[in-house]
Every structure is written in C-alpha cells, then in structure tokens.
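The following paragraphs go through the helix packing in this model, one pair at a time, and then turn to the aromatic side chains.

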Amino acid sequence: NDTAGAVALLDQAAAWCVSGCALNGAIDNVRAGIALRQNDAEKALHWGERAASANRNVPPEYANSLRLMASARLMKNEHDVALRLSEEALAIDKSLGLPEKIRQDLLLSAQAHEKMGHAEQAAQYRDRAERISAAAVK
C-alpha cells in the first residue's frame, strides 16, 4: 500500500516515456486506478480520460480506461454515464473473449443499476457475472 512510492515510479515511467510512447495510456490507467483507491473521482476521471484518448486503438487498454472512468462516475453518483461506459467496455471485452474483464464490466453495470434503483436488473447482471466466474473455474 505504498501509494507515494507507486506514484514516484509512475512519474519516472512517464518521464522515460516521451511523446508518442505506446505506454502512456497504460501509465495513465494506473494513475486513474491509484486516484480511485484514494477516493478522488475527479483525478481518476482526468487520468482515465487521458488514458482513453491514448488507448483508443488498443482495445484491451481502452476497455480498462472505460472501466476506470465508470468507477469514477459511480463515485460521483453519475450512474447513467457509468452504465454507458461499463456497457461499452463490456462490448469490447466480449469481442476479445476476456472472461475476467467481462465479469468486471457486468459487476460495474450491476452497481450502476442498483444505484439507479433497478434492483432486478442489478441482480441479473450480478448473476451473469457469477456464471462467468463459475465457467472460468471449470
């Protein structure tokens, strides 16, 4: 849980990764994740949006950016935007066949539905996520 150490290492990585570096989007995703762990939705959105822009042509990283932004939107009680982002990530992850990421997308969608008062839809998304987890174990 050495957040300061992680941030320092990210700063070093960013300094080494000059303009046009293929890792900039991944670095920004990590920064967004750290901001989420610090409950800083605004900073998470800042880094998530930068990452999404950098990752537009890298589908797995772009989907990661969308998930991070969806989590930040949930923190800000912007449930409809969070749902749209998680659904976009879900479509990408389905096309890539990534069961763990699909499960994460479904759980984010469930959270958004729950916060919007759609308990039945939230339960359906959680059930789908659970079935994917069970299938991945087999």
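In this predicted model, helix H4 passes helix H5 in a left-handed crossing. The contact between them draws on Pro59, Pro60, Tyr62, Ala63, Leu66, Arg67, Met69, Ala70, Arg73 and Leu74 from H4, and on His79, Val81, Ala82, Leu85, Ser86, Glu88, Ala89, Ile92, Asp93 and Leu96 from H5. Sorted by class, the residues of this contact comprise 14 nonpolar, 2 polar and 4 charged. The axes of H4 and H5, the latter spanning residues 79–96, come within 8 Å and cross at roughly 160°. Because angles over 145 degrees count as roughly antiparallel, H4 and H5 are therefore roughly antiparallel to each other.

Helix H3, which covers residues 41–54, also packs against H4, which covers residues 59–75, and their axes come within 9 Å while crossing at roughly 160°. H3 and H4 are therefore roughly antiparallel to each other, and the crossing in which H3 passes H4 is left-handed. On the H3 side the residues involved are Ala41, Ala44, Leu45, Gly48, Glu49, Ala51 and Ala52, and these meet Tyr62, Ser65, Met69, Ala72, Arg73 and Met75 in H4. The contact of H3 with H4 is made up of 9 nonpolar, 2 polar and 2 charged residues. Tyr62, Met69 and Arg73 of H4 are listed both in the contact with H3 and in the contact with H5.

What, then, is the angle at which the axes of H2 and H4 cross? The axis of helix H2, residues 24–37, comes within 10 Å of the axis of H4, and the two cross at roughly 20°, which makes H2 roughly parallel to H4. This crossing, too, is left-handed. Here Ala26, Asn29, Ala32, Gly33 and Leu36 in H2 meet Glu61, Asn64, Ser65, Leu68, Ser71, Ala72 and Met75 in H4, and the residues of the contact divide into 6 nonpolar, 5 polar and 1 charged. Ser65, Ala72 and Met75 of H4 take part in this contact with H2 and also in the contact with H3.

The aromatic side chains remain to be considered. The structure holds 0 aromatic pairs, but a ring does take part in another kind of arrangement, since arginine 31 lies over the face of tryptophan 47, at 4.7 Å from the ring centre, where the cut-off for a charge over a ring is within 6 Å of that centre.

Key
Residues are numbered from 1 along each chain as its sequence is written. This is a predicted model: local features need pLDDT of at least 70, side-chain atom pairs count only at pLDDT 80 or more; totals for chains, interfaces and linings use all residues. Side-chain values use heavy atoms; hydrogens and water are left out. Axes are lines fitted to C-alpha atoms, for helices over the stretch in contact, and angles run from 0 to 180 degrees between N-to-C directions. Helices (H or I, at least four residues) and strands (E, at least two) are DSSP runs, numbered from the N terminus. Angles under 35 degrees count as roughly parallel, over 145 as roughly antiparallel, 65 to 115 as roughly perpendicular and the rest as oblique. A crossing is left-handed if the near helix is turned anticlockwise from the far one by less than a right angle, and right-handed if clockwise. Contact means heavy atoms within 4.5 Å. Ala, Val, Leu, Ile, Met, Phe, Trp, Tyr, Cys and Pro count as nonpolar, Asp, Glu, Lys and Arg as charged, and the others, Gly among them, as polar. Rings of Phe, Tyr and Trp (its six-membered ring) pair if their centres lie within 6.5 Å; planes under 30 degrees apart count as stacked, over 60 as edge-to-face and the rest as tilted. A charge sits over a ring if NZ of Lys or CZ of Arg is within 6 Å of the ring centre and within 35 degrees of the ring normal.
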